Structures are given as C-alpha cells and as structure tokens.
Amino acid sequence: MLAFVTVGSTHFDPLVDAALSAPVLNALASRGYDRLVIQCGAYGRLTELDGEITEGAWSFERENVQIDIYKYKPTLREEIQTADLVISHAGEWQAEQESVRLSYHEKVPGQYSTPCARANR
C-alpha cells in the first residue's frame, strides 16, 4: 500500500522528519504500507538523506518501507489518486482540492470524513 505525504510549497521540516522517523515508518509498515512518497517542498535536509537520486527524486528504504522523496511537481493529482493514505499539513492547496475530493469519493463513495470533502459536498 502507498502512503503520500505532501507539504506543498511550504517549508515544513517537522512533518517530513516525522514521516521519516522510525516510529511512523514502523506504524505504516505494521498496517501494510510498503511504500511512502513524500513531496517535501523546501525541506532543509535533503542532502543528508541516504539513497540514490534519480530524476530529481531520492529513493531509499527504511524500516521495510520503500521511500521516494521529491521537492515539487506541477501537480500532485496522480499521487493523491493512487495513494491509500494522504497526509498533509492542511494548508491552502486549493489547486488540489478537487483531486482530493474525487480521489476520496472513488475510494469510499458517499463518505465525507475529510475537511476538503465536507467543504465540497
């Protein structure tokens, strides 16, 4: 299963650090998540990460979870739609609200438990 973390265009190192921490990775792995994709924005510690850099993304494995990290993409729609879990800082990401709503409804039709989904009913 795939978990996706996004900070948008902000500088939010604590969220990225938490996502990369052993307790969070172990919790994800124990729930069946084997892949974590992080859109890290202006993350200040990219150069400290292990792993290979391919096409602007860092790839490595920790705690039995494959991790891919990149700074920015023109849209996050694909990641949001394919993820089984989306974690965000809940800032303003208006350009993606529609894809969040669509993705959520495709996975759980008729359910509104996310702030974006409730706001777009």
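**Notes on the predicted model**

1. A good place to start is a side-chain pair: Glu-79 and Tyr-70 make a polar contact through their side chains, at 3.1 Å. Please keep in mind as you read on that this is a predicted model. Glu-79 sits in helix 3, which covers residues 77–82. With a relative accessibility of 9%, Glu-79 counts as buried, because the cut-off for that class is under 20%.

2. Glu-79 has a second side-chain partner. Its side chain is joined to that of Lys-73 by a polar contact of 2.6 Å. Setting aside neighbours within four places in sequence, the residues in contact with Glu-79 are Phe-4, Val-37, Tyr-70 and Lys-73. Both polar partners, Tyr-70 and Lys-73, therefore appear in that list, and Glu-79 itself is buried.

3. Where does Lys-73 sit? Lys-73 belongs to the loop that runs between strand 5 (65–70) and helix 3. Its relative accessible area is 43%, so Lys-73 is classed as partly exposed, whereas its partner Glu-79 is buried. Along the chain, Lys-73 and Ser-9 are 64 residues apart, yet their C-alpha atoms are 10.0 Å apart in space.

4. Gln-39 deserves a look next. This residue is part of strand 2 (residues 35–39), and at 2% relative accessibility Gln-39 counts as buried. What does the side chain of Gln-39 have 2.6 Å from one of its polar atoms? The answer is the backbone oxygen of Lys-71.

5. The surroundings of Gln-39 are worth clicking through. Leaving out residues up to four places away in sequence, Gln-39 touches Phe-4, Val-5, Thr-6, Val-7 and Gly-8, and also Tyr-70, Lys-71, Tyr-72 and Leu-76. Some of these names come up elsewhere in this note: Phe-4 and Tyr-70 are also among the contacts of Glu-79, while Val-5, Thr-6 and Val-7 are also among those of Leu-15.

6. Leu-15 lies in helix 1 and, at 15% relative accessibility, counts as buried. Not counting residues up to four places away in sequence, Leu-15 touches Val-5, Thr-6 and Val-7, together with Ile-87, Ser-88 and His-89. Leu-15 and Cys-40 are 25 residues apart along the chain, and 8.9 Å separates their C-alpha atoms.

7. Leu-15 is one of several buried residues in helix 1, alongside Asp-13, Val-16, Ala-19 and Leu-20. Viewed down the axis of helix 1, the buried residues fall within an arc of 165°, so they line one face of the helix. A general point helps here: an α-helix has 3.6 residues a turn, so residues three or four places apart point the same way. The cover over the buried residues of helix 1 includes helix 2 as well as strand 1 (2–6), strand 2, strand 4 (57–62), strand 5 and strand 6 (85–88).

8. How do helix 1 and helix 2 pack? Helix 1 (residues 13–20) and helix 2 (residues 22–30) meet at an angle of about 55°, and their axes are 5 Å apart. Helix 1 is therefore oblique to helix 2. Helix 1 contributes Ala-18, Ala-19 and Leu-20 to the contact, and helix 2 contributes Ala-22, Val-24 and Leu-25. By class, that contact of helix 1 with helix 2 has 6 nonpolar residues, no polar ones and no charged ones.

9. Two backbone angles are worth checking by eye. Glu-63 and Asn-64 are both found in the loop between strand 4 and strand 5. Phi is near 50° for Glu-63, a positive value in a residue other than glycine. For Asn-64, also not a glycine, phi is positive too, near 65°. Glu-63 is partly exposed, with a relative accessible area of 37%, while Asn-64 is exposed, at 62%.

10. Finally, the overall picture. The protein chain has 5 helices and 6 strands, and along the sequence they follow the pattern β-α-α-β-β-β-β-α-β-α-α. Of its 121 residues, 36% are buried. Among the contacts between residues at least 6 apart in sequence, 63% join residues at least 24 apart.

Technical notes. Residues numbered from 1 in each chain as written. Predicted model: local features only at pLDDT ≥ 70, side-chain atom pairs only at ≥ 80, totals over all residues. Heavy atoms only, no water. Helix = DSSP H or I, 4+ residues; strand = E, 2+ residues; numbered from the N terminus. Buried < 20%, exposed > 50% of the residue type's maximum accessible area, 1.4 Å probe, protein only. Polar contact = N/O pair within 3.5 Å; in protein donor to acceptor, adjacent residues only side chain to side chain. Contact = heavy atoms within 4.5 Å. Axes fitted to C-alpha atoms, helices over the stretch in contact; angles between N-to-C directions. Parallel < 35°, antiparallel > 145°, perpendicular 65-115°, else oblique. Nonpolar A, V, L, I, M, F, W, Y, C, P; charged D, E, K, R; others polar. Arc of directions from axis to C-beta.
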